[in-house]
Amino acid sequence: MSRLIYVPQYPALMRYQEFWFSEFPKEFRKYFDEVIVLGSNVERLKNVETFEGMFSPVKVSINFELLQIEEFLRLKLYEDDILFLADLSFSGFFTNVLHHKRPKKMFAFCHATSLNAYDYFQPVRESKWLVETGHAKLFDAIFVGSYYHKAKLGWDRVIVSGLPKPPFQTYNDKKTIDILSVSRPSIQKVNKKFEKKIEQNFGKIHRLPTFTWASYYHLISNAKVVLFSGKEDTFSYSILESVMNNSIPVAPNKYAYPELLDREFLYKDLDEAIAAIWNGIHFPDQIPEIKCIDLVDNFYKNVVDVMKE
């Protein structure tokens, strides 16, 4: 019998964790006889969710991991069980339990780590990085979204898997917005000084909160250009979502972005950004292709092939 124990993150609303919680078990059931989802009784926590700076709700996420730990400790393990942890670092409590009770084969995905610039854990980076590095050694392999992230981590047995395409509907709306930003308004995701200079050349960058996936994707589809100015990114779902919704992403020529986009959609300075945005506004039909689309399209198969080696 082939059984997968899946440990998802708390499915925070309007975050990728929400569809990882629902879609990963569906996809994994194509490859395993049984998929056990720890924390499937998450509904008891959802009525207390609060957004903390548009990041995952910290207190709720911690309580969710405590529920998962309780479920895991009650679970009887079998010889051929495989465990897949959806995030090595956040909140980061579940991994400690694996020192006491562990399946024979274990894998984890790493989205960020405290090594990332301006990460949530940056104030405690020194100690948290040691914990994350130690926890990584528990697993047979760590999956990451990009070669940039793999090189940055420097750990053994790190496998670049990309990330899966979001399951939501895409649109081809009328282009009513010249420049859109959908990045979380934090120091890590938005360079305010840089974007003010862009606005001096093109006018106001469009920003509106969205509260459903449909409104979010319609907003992206309304835009000619989706601008990225962040100081760190290890993959970027928003790049993928922009292309899916027929908008042109313009991003820095560093971090993981060169693995997703051709050079003409990347900038190294203000002049290059202005040129790329101008082209996007005046030629909105020249949508790029995602360079790592094979990883995206084959994500689940590639991950399962490694887990079943």
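Me: Which helix does N201 lie in?
Reply: N201 lies in α7, the helix spanning residues 192-202. Bear in mind that this is a predicted model.

Me: What makes N201 partly exposed?
Reply: Its relative accessible area is 46%. Buried would take under 20% and exposed over 50%, so N201 ends up in the class in between, partly exposed.

Me: How far apart are N201 and I239 in sequence and in space?
Reply: They are 38 residues apart along the chain, and 23 Å apart from C-alpha to C-alpha.

Me: On to I198. Which residues is I198 in contact with, leaving aside its neighbours within four places in sequence?
Reply: I179, G203, I205, L227, L270, A273, I274 and I277. The test is heavy atoms within 4.5 Å, so each of these eight comes that close to I198.

Me: Which residues have the most contacts inside the largest nonpolar core?
Reply: I198 is one of them, along with Y6, W20, F28, F84, F143 and M307, in a core of 67 residues. Helix α12, residues 299-307, gives the most to this core, with six residues.

Me: What makes the core with I36, L75, W129 and A136 a second, separate one?
Reply: Core members are buried nonpolar residues joined through side-chain atoms within 4.5 Å. That second core has 26 residues and is separate, so no such link joins it to the core of 67.

Me: Now F84. Which residue stands opposite F84 in the pairing of β1 with β3?
Reply: Y6. Strand β1 (residues 3-7) is joined to β3 by four bridges, and the two run parallel.

Me: How do you know that β3 also pairs with β4?
Reply: Pairing takes at least two bridges. Four join β3 to β4 (residues 105-109), so the two strands qualify as a pair, and a parallel one. Among the bridge partners, F84 goes with F107 and I82 with K105.

Me: Which way do the residues of β3 point?
Reply: In β3 (residues 82-85), I82 and F84 point one way, L83 and L85 the other way. That fits the general pattern: in a regular strand the side chains alternate between the two faces of the sheet. Here all four of these residues are buried, whichever way they point.

Me: Why is β4 called largely enclosed by the rest of the structure?
Reply: Buried means under 20% relative accessible area. Four of the five residues of β4 meet that, so the strand counts as largely enclosed. Strand β4 also pairs with β5 (residues 141-144) in parallel, through three bridges, with A108 opposite I142.

Me: There's an open sheet of four strands too. Why are β7 and β10 called its edge strands?
Reply: The order is β7-β8-β9-β10, with parallel pairing. Both β7 (177-180) and β10 (266-267) pair on one side only.

Me: What makes β9 and β10 a pair?
Reply: Two bridges join β9 (residues 248-252) to β10. At least two are needed, so this pair just meets the cut-off. P252 has Y267 as its bridge partner.

Me: Which residues line the second largest pocket?
Reply: P252 and Y267 turn up again here, together with N191, F194, S229, G230, K231, N253, K254, Y255, K268 and D269. The volume is about 190 Å³, and the lining divides into four nonpolar, four polar and four charged residues.

Me: And the enclosed spaces: how many cavities of 30 Å³ or more come out?
Reply: Two. The largest holds about 70 Å³ and the second largest about 60 Å³. A cavity is space where a 1.4 Å probe fits but cannot get out, so that is what sets these two apart from the open pocket above.

Me: Which residues lie nearest the centre of the largest cavity?
Reply: E65, L85, D87, F90 and F94, out of 14 lining residues. The lining splits into eight nonpolar, four polar and two charged. Helices α3 (58-74) and α4 (94-97) each supply at least two of its residues.

Me: What lines the second largest cavity?
Reply: P8, Q9, Y10, Q17, S56, S61, F64, E65, Q68, F90 and S91. Helix α3 gives the largest share, four residues. By type there are four nonpolar, six polar and one charged.

Definitions and conventions: Residues numbered from 1 in each chain as written. Predicted model: local features only at pLDDT ≥ 70, side-chain atom pairs only at ≥ 80, totals over all residues. Heavy atoms only, no water. 1 Å grid on protein atoms, 1.4 Å probe; cavity = no way out; pocket = protein on both sides within 12 Å on 5 of 7 lines; lining within 4 Å. Points joined across faces, edges and corners; volume = space filled by probe spheres on them. Nonpolar A, V, L, I, M, F, W, Y, C, P; charged D, E, K, R; others polar. Buried < 20%, exposed > 50% of the residue type's maximum accessible area, 1.4 Å probe, protein only.
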